[in-house]
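Subject: A structure for you to look at

Hello,

I am passing a structure on to you, with some notes to read beside it. Please open it first and then come back to the text.

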Amino acid sequence: MDIKNLIFEARKGSSEAFGKLYSLYYKEMYYYALSRLRSEDDACDAVSEAVLDAFASIKKLKNEDLFKSWLFTILTRKITKKYSEYQKQTESIDDVSGEIDKNGELPDITKIESDEILDTLSEKERQMFSLCYVCGFTSEEISKMTNTNPSTVRSHLLRAKNKLRILYSDKTV
């Protein structure tokens, strides 16, 4: 069954169809939440809360093509809420540094400690970087999800990449 059919069935109340949708996006949601919250427990909680909210409100989804973006918008709100409640809790996320490849796997592209890398970024830069490079969203999609101007998103991404490039080049010299 394709994604649009799963969404159609989920909107009719099928928990089985929603479960299949969840299984398609769980890894990306978890890695995004983990990269933002840096706590496995908080990341799991945020994903769980977002999925419950999404299931409860899937009938409100107006455009099936925007399901992933809609899902990550809900998750972003949960993360923002958790982040403000708990502030930074540091746990190692070495296994999630890098982009998800086409098979949904996370290649190990660096030996630098992920926490150290992420700590160099501001909260906004970390959010934009994670949405773009962990979850694969475009700057236009990120701008809609975060209610931010697309050029501002691109500026945050550029600053984040420049900071990481400088940090990485300093570590490898």
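Below is what turned up, starting with the overall layout and ending with the cysteines.

Please keep in mind that this is a predicted model. The protein chain contains 8 helices and 0 strands, so its pattern along the sequence reads α-α-α-α-α-α-α-α. Of its 173 residues, 45% count as buried.

**Helix α2**

A good place to begin is α2, which has 23 residues. If α2 were straight, at 1.5 Å a residue, 33 Å would be reached, but the end C-alpha atoms are only 28 Å apart. Where does α2 bend? The bend is at Tyr-25, and it amounts to about 50°. Just after α2 comes Arg-38, which takes a positive phi of about 55°.

**Helix α3**

The next helix, α3, covers residues 40-57. Its 18 residues should span 26 Å at 1.5 Å a residue, and the end C-alpha atoms are indeed 26 Å apart, which agrees.

Which residues of α3 are buried? They are Asp-42, Ala-43, Ala-46, Val-47, Ala-50, Val-51, Ala-54 and Ser-57. These residues lie on the same side of α3, because the arc they cover around the axis is only 165°. The face turned away from that buried side carries Asp-41, Leu-52 and Ala-56, which are exposed. As background, an α-helix has 3.6 residues a turn, so residues three or four places apart point the same way.

**Aromatic rings**

How many aromatic pairs does a search of the whole structure find? The search gives 9. One of these involves Tyr-26 and Tyr-30: the ring centres are 6.0 Å apart and the planes are at 15°, so this pair is stacked. Both tyrosines belong to helix α2 (residues 15-37), where they are 4 residues apart, about one turn of the helix. Tyr-26 is partly exposed, at a relative accessible area of 28%, whereas Tyr-30 counts as buried at 13%.

A second example is Phe-67 with Trp-70. Here the ring centres are 5.8 Å apart and the planes are at 40°, so the pair is tilted. Both residues sit in helix α4 (residues 67-86), 3 residues apart, again about one turn of the helix. Phe-67 is buried, with 2% relative accessibility, and Trp-70 is buried as well, with a relative accessible area of 18%.

Ring pairs also link Tyr-22, Tyr-26, Tyr-30 and Tyr-31 into a cluster, so you will meet the stacked tyrosines there once more. Another ring to look at is that of Phe-137: Lys-68 lies over its face, at 5.1 Å from the ring centre.

**Cysteines**

How many disulfides are found in the whole structure? The search finds 0. For Cys-135, the nearest cysteine sulfur is that of Cys-132, and it is 9.6 Å away. A disulfide needs the two sulfur atoms within 2.5 Å, so Cys-135 is in no disulfide. Cys-135 counts as buried, at 3% relative accessibility, while Cys-44, in helix α3 by its number, is partly exposed with a relative accessible area of 31%.

If you would like a short route through the model, try the bend of α2 at Tyr-25, then the buried side of α3, and then Lys-68 over the face of Phe-137.

Best wishes

Terms used: Residues are numbered from 1 along each chain as its sequence is written. This is a predicted model: local features need pLDDT of at least 70, side-chain atom pairs count only at pLDDT 80 or more; totals for chains, interfaces and linings use all residues. Side-chain values use heavy atoms; hydrogens and water are left out. Rings of Phe, Tyr and Trp (its six-membered ring) pair if their centres lie within 6.5 Å; planes under 30 degrees apart count as stacked, over 60 as edge-to-face and the rest as tilted. Helices (H or I, at least four residues) and strands (E, at least two) are DSSP runs, numbered from the N terminus. Buried means under 20% relative accessible area, exposed over 50%, partly exposed in between (1.4 Å probe, protein chains only). A charge sits over a ring if NZ of Lys or CZ of Arg is within 6 Å of the ring centre and within 35 degrees of the ring normal. The expected span of a helix is 1.5 Å times one less than its number of residues. The arc is that of the directions from the helix axis to the C-beta atoms. The bend at a residue is the angle between axes fitted to the seven residues ending there and the seven starting there.
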